[in-house]
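Here's a protein to get to know at your own pace. Take a look at the sequence and the 3D view before reading on.

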Amino acid sequence: MLQTTELPRVNPGAEGTNPAIQAQVRRIVLSLPFRNCPVLQSFLVCITEKAIEGRESEINEHLIARDVFSRVNFDPATDTIVRTQAYRLRLKLQEYYRDEGKHDAIVIEIPKGHYIPIFQCA
């Protein structure tokens, strides 16, 4: 597991970081761990795009349920899809960075209990 305290954070609004983060997301979604996981690809793209646009405050369970899983009447008390898939996404990101992405310049993490991605320089 990556230690988040060891890596400096990347400000997605900083000049030149958006293309680098977008390229990193493309590398991840095309990687072996994500290749056959279109739902996790959509999940990652959804939350990273919002973060890059500076709309982190919009990233929540309801937005993900609606935009990624097409759940119009989402009730988090009875529907665990977002939390379950967030767990799977975290595992896939760890797998990616353990193997294919171990030398990547940007690390993307989604902290447990949250949906806002953190971008860090490796």
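What follows is a walk through the chain, from the overall layout to a few details.

First, keep in mind that this is a predicted model. The protein chain has four helices and two strands. Start at the N terminus and you meet them in the order α-α-α-α-β-β, with the helices ahead of the strands.

How is the chain packed overall? Of its 122 residues, 43% are buried. The accessible surface adds up to about 7100 Å², and carbon and sulfur atoms account for 52% of that surface. Now look at contacts between residues with a separation of 6 or more: 54% of them join residues 24 or more positions apart.

Next, find helix α4, which covers residues 81–98. How far apart should its ends be? With 18 residues at 1.5 Å a residue, the helix should span 26 Å, and because the C-alpha atoms at its ends are indeed 26 Å apart, the two figures agree.

Which residues of α4 are buried? They are I81, V82, Q85, A86, L89, R90, L93, Y96 and Y97. These buried residues sit on the same side of α4, because they take up an arc of only 160° around the axis. The spacing in that list fits a simple rule: an α-helix has 3.6 residues a turn, so residues three or four places apart point the same way. Turn to the other side of α4 and you'll find Y87 and R98, both exposed.

Helix α4 also takes part in a link to another helix. The side chains of E61 and R83 meet in a salt bridge, with N and O 2.7 Å apart. This pair ties together distant parts of the chain: E61 belongs to helix α3 (residues 61–67) and R83 to helix α4, 22 residues apart. Are the two partners buried or exposed? E61 has a relative accessibility of 14%, so it counts as buried, since the cut-off for buried is under 20%. R83, at 35%, counts as partly exposed.

That salt bridge is one of six in the structure. Another joins R66 and D67, again at 2.7 Å from N to O. Both of these residues are partly exposed: R66 has a relative accessible area of 49%, and D67 has 38%. Then there is R71 with D79, where the closest N and O atoms are 2.3 Å apart. Here the partners fall into separate classes, because R71, at 31% relative accessibility, counts as partly exposed, while D79, at 16%, counts as buried. Finally, E53, R55 and E58 are linked in a network of salt bridges.

To finish, move along to the strands. Strand β1 is made of residues 106–109, and strand β2 of residues 118–121. How do they pair? They run in the antiparallel sense, over four bridges. If you want a landmark for lining them up, I106 stands opposite C121 in β2.

Which way do the residues of β1 point? I106 and I108 point one way, whereas V107 and E109 point the other way. Buried residues turn up in both directions here, as all four of these are buried. Compare that with α4, where the buried residues lie on the same side of the helix, as their arc of only 160° shows.

Definitions and conventions: Residues are numbered from 1 along each chain as its sequence is written. This is a predicted model: local features need pLDDT of at least 70, side-chain atom pairs count only at pLDDT 80 or more; totals for chains, interfaces and linings use all residues. Side-chain values use heavy atoms; hydrogens and water are left out. The expected span of a helix is 1.5 Å times one less than its number of residues. Buried means under 20% relative accessible area, exposed over 50%, partly exposed in between (1.4 Å probe, protein chains only). The arc is that of the directions from the helix axis to the C-beta atoms. Contact means heavy atoms within 4.5 Å. Accessible areas come from the Shrake-Rupley method with a 1.4 Å probe; for residues, only the protein chains shown count as cover. Two strands pair if DSSP finds at least two bridges between them. A salt bridge is a side-chain nitrogen of Lys or Arg within 4 Å of a carboxyl oxygen of Asp or Glu.
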